[in-house]
Amino acid sequence: MWRLSWPMLVGQLASVGMGVADVAMTGHVSASELAAVSLGASVWSIILVTVMGTMMALNTVVAHETGAGQFGRIPHVVRQGLWMGLGVGLVACLIVNLSTLVFDHIGLTPDVAANAAMFVHAISIGMPAFACYRALYGYTTSINQTKPVMVIAVLGLLFNIFVNWLLVFGNWGMPRLGGVGCAVATGICLWLMFGAMLVWIRIAPAYRQTYPFTQWERPNWAEIGSMLRLGLPIGVTYLAEVSAFGAVSLMIARFGVVQVSASQIALNFSSLVFMVPLSFGMGLMTRVGHALGEGNAVRARFVAWVGVGMSLAFALLSAALIAVFRWEIARAYTSDPAVQELCAHLLLFAALFQLSDATQVATSSAIRGYKVTRQPMQIQLLAFWGFAMPLGYVLGLAPGWFAWSPAAPMGASGFWIGLVLGLTVAAVLLTRSLHHLSHARAGVTR
């Protein structure tokens with residue numbers, strides 16, 4: 001599991017690094033450019049993770065075919081996955097461009113709204129490439145080839161930083177585009193990463209048995225529909241989670257700069273730590289799929305709980321480190337004493353939800369390895385939007401119309417309590433679901 005997962009972890013961290021580089025470099029241009037990039041990136045990231053989740057159907061399907069030894073079917077699946085990726089990418093490109101209309105209705109200054117819209121329009125050119133890249137990502141990781149994911153992501157990060165430096169600041173005679181330069185750099189980078197993956201698959205010996213580009217093939221709508229039925233619930237799940245955290249940021253905004261800044265820092269650091277259990281989850285989905293493809297449901301159950309155990313072990317470690325070093329983490333992000341104090345307080349909540357967050361991502365990934373995707377979607381929609389957000393709203397804002405509101409709004413702390421308890425609900429329900437599913441498939445009646 002570790003050998004399969006660690007290159008994906010490096011790749012995920014490199015992908016996150018692109019967003020960090022965009023914000024860090026734009027921050028040296030002007031405050032309005034930074035605001036525009038932050039807003040544009042928020043909209044872009046919501047659609048991006050939805051596409052990523054939808055394309056994860058390829059991981060499960062290819063893993064099952066690999067486990068079953070049906071290598072002759074994999075090229076067909078990959079070709080249809082690329083058609084699916086092209087369609088999903090074009091639809092997502094349209095949606096992300098239409099979403100810029102919201103910038104005219106949320107009280108932004110005209111220049112920030114215009115720059116945020118330009119950022120989204122420019123970066124959207126990379127969406128079809130990203131969707132097709134994720135199709136090949138699912139293919140290569142599911143046949144145990146994770147090194148290209150790591151290498152291409154790291155090279156993509158370096159390229160992104162360099163082109164940012166050229167276009168954001170106008171170095172070496174290039175046009176000075178400010179925040180829009182970040183979007184152009186990322187859009188180009190996504191196409192180059194897709195191209196690099198195609199080249200890697202073409203020349204690496206590991207792909208010869210399943211090489212997908214030996215023939216032309218029209219879209220098979222039945223095959224694509226089957227993969228969409230697997231992938232769309234995963235995409236909706238990712239959308240629910242990302243939008244919930246985004247909504248928390250918007251609702252905290254009324255409490256002022258200190259609360260917003262502290263909450264954003266805690267969320268940003270938590271997102272970085274989350275890359276580890278997320279990478280374990282991707283590896284877990286592949287390993288469970290292999291075992292089920294082999295027809296070995298007992299081994300699939302064993303693999304699933306080993307993966308959950310690995311995620312919990314990391315969560316215990318990360319929770320302890322966050323709790324112990326919360327002040328150092330806060331000081332690394334900001335020099336404002338008030339923000340540091342509140343951030344250190346919120347990081348205690350972040351430490352607390354490490355266990356439930358790691359459990360819910362591991363168990364949901366294992367369940368998806370069984371080609372079951374609707375149940376995790378339903379559970380996580382319930383946990384985030386049926387429990388965490390309403391509870392956070394009541395505790396954080398203390399609305400007068402609700403009989404059991406606290407005496408005073410708890411602000412950011414109230415929303416974080418809601419997130420902790422919501423993630424706990426998801427972890428408990430998903431663990432129960434995995435227990436019943438894995439035992440039933442293995443023929444265990446107790």
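**Notebook: a walk through a predicted model**

I began at glycine 170, which touches Trp165, Pro175 and Arg176, leaving aside residues up to four places away in sequence. A reminder to myself: this is a predicted model. Glycine 170 sits in the loop between helix 7 (147–169) and helix 8. Is this glycine buried or exposed, or something in between? Its relative accessibility is 24%, so glycine 170 counts as partly exposed; buried would need a value under 20%. I also checked its distance to cysteine 132: the two are 38 residues apart in sequence and 31 Å apart in space, C-alpha to C-alpha.

**Entry: helix 6 against helix 8**

Cysteine 132 led me to helix 6, since I wanted to know what it packs on. Helix 6 (residues 127–142) and helix 8 (residues 179–203) pack at an angle of about 30°, and their axes are 8 Å apart. The crossing of helix 6 past helix 8 is left-handed. Which residues make the contact? From helix 6 I listed Pro128, Ala129, Phe130, Cys132, Tyr133, Leu136, Tyr139 and Thr140. From helix 8 come Leu190, Trp191, Met193, Phe194, Met197, Leu198 and Ile201. I sorted the contact residues by type: 14 are nonpolar, 1 is polar and none is charged.

**Entry: the cores**

Next I looked for nonpolar cores. The largest has 79 residues, and Val51, Met127 and Tyr139 have the most contacts inside it. Tyrosine 139 was already on my list from the helix 6 contact, so I followed its neighbours. Beyond four places in sequence, tyrosine 139 touches Val62, Ile74, Val78, Ile201, Tyr207, Thr210, Tyr211 and Pro212. Apart from the largest core lies another, of 34 residues, with Phe245, Ala247, Ala330 and Leu347 among them.

**Entry: helix 13**

Leu347 of that second core appears again among the buried residues of helix 13. Helix 13 (residues 337–352) has 16 residues and reaches 23 Å from its first C-alpha to its last, close to the 22 Å expected at 1.5 Å a residue. Which of its residues are buried? I noted Val339, Gln340, Leu342, Cys343, Ala344, Leu346, Leu347, Phe349, Ala350 and Ala351. These buried residues pack against helix 10 (257–293), helix 11 (297–324), helix 12 (326–333), helix 14 (354–369) and helix 16 (412–441).

I stopped at alanine 350, in helix 13. Why does alanine 350 count as buried? Its relative accessible area is 0%, and the cut-off for buried is under 20%. Alanine 350 touches Ser270 and Trp416, again leaving out residues up to four places away in sequence. Its C-alpha is separated by 10.0 Å from that of serine 271, which is 79 residues away along the chain.

**Entry: serine 263**

Trp416 turned up a second time when I looked at serine 263, which touches Ile252, Leu346 and Trp416, not counting residues up to four places away in sequence. Serine 263 has its place in helix 10. At 2% relative accessibility, this serine counts as buried.

**Entry: helix 14 and what follows**

Helix 14 is one of the partners of helix 13's buried residues. Helix 14 has 16 residues and reaches 23 Å from first C-alpha to last, close to the 22 Å expected at 1.5 Å a residue. How many of its residues are buried? I noted 15 of 16, which leaves helix 14 mostly covered. After helix 14 comes lysine 371, whose phi is positive, near 65°.

**Entry: two more positive phi values**

I then looked up other residues with a positive phi. Asparagine 144 has a phi near 70°, a positive value in a residue other than glycine. Asparagine 144 lies in the loop between helix 6 and helix 7, and at 41% relative accessibility it counts as partly exposed.

Alanine 398 has a phi near 45°, also positive in a residue other than glycine. Its place is in the loop between helix 15 (374–397) and helix 16. Is alanine 398 buried or exposed? Its relative accessibility is 16%, so alanine 398 counts as buried.

**Entry: threonine 50**

My last stop was threonine 50, in helix 2 (residues 31–55). What does threonine 50 touch, not counting residues up to four places away in sequence? I found Gly235 and Leu239. Threonine 50 and histidine 28 are 22 residues apart in sequence and 30 Å apart in space, C-alpha to C-alpha.

Definitions and conventions:
Residues are numbered from 1 along each chain as its sequence is written. This is a predicted model: local features need pLDDT of at least 70, side-chain atom pairs count only at pLDDT 80 or more; totals for chains, interfaces and linings use all residues. Side-chain values use heavy atoms; hydrogens and water are left out. Axes are lines fitted to C-alpha atoms, for helices over the stretch in contact, and angles run from 0 to 180 degrees between N-to-C directions. Helices (H or I, at least four residues) and strands (E, at least two) are DSSP runs, numbered from the N terminus. A crossing is left-handed if the near helix is turned anticlockwise from the far one by less than a right angle, and right-handed if clockwise. Contact means heavy atoms within 4.5 Å. Ala, Val, Leu, Ile, Met, Phe, Trp, Tyr, Cys and Pro count as nonpolar, Asp, Glu, Lys and Arg as charged, and the others, Gly among them, as polar. A nonpolar core is a set of buried Ala, Val, Leu, Ile, Met, Phe, Trp, Tyr and Cys residues joined through side-chain atoms within 4.5 Å. Buried means under 20% relative accessible area, exposed over 50%, partly exposed in between (1.4 Å probe, protein chains only). The expected span of a helix is 1.5 Å times one less than its number of residues.
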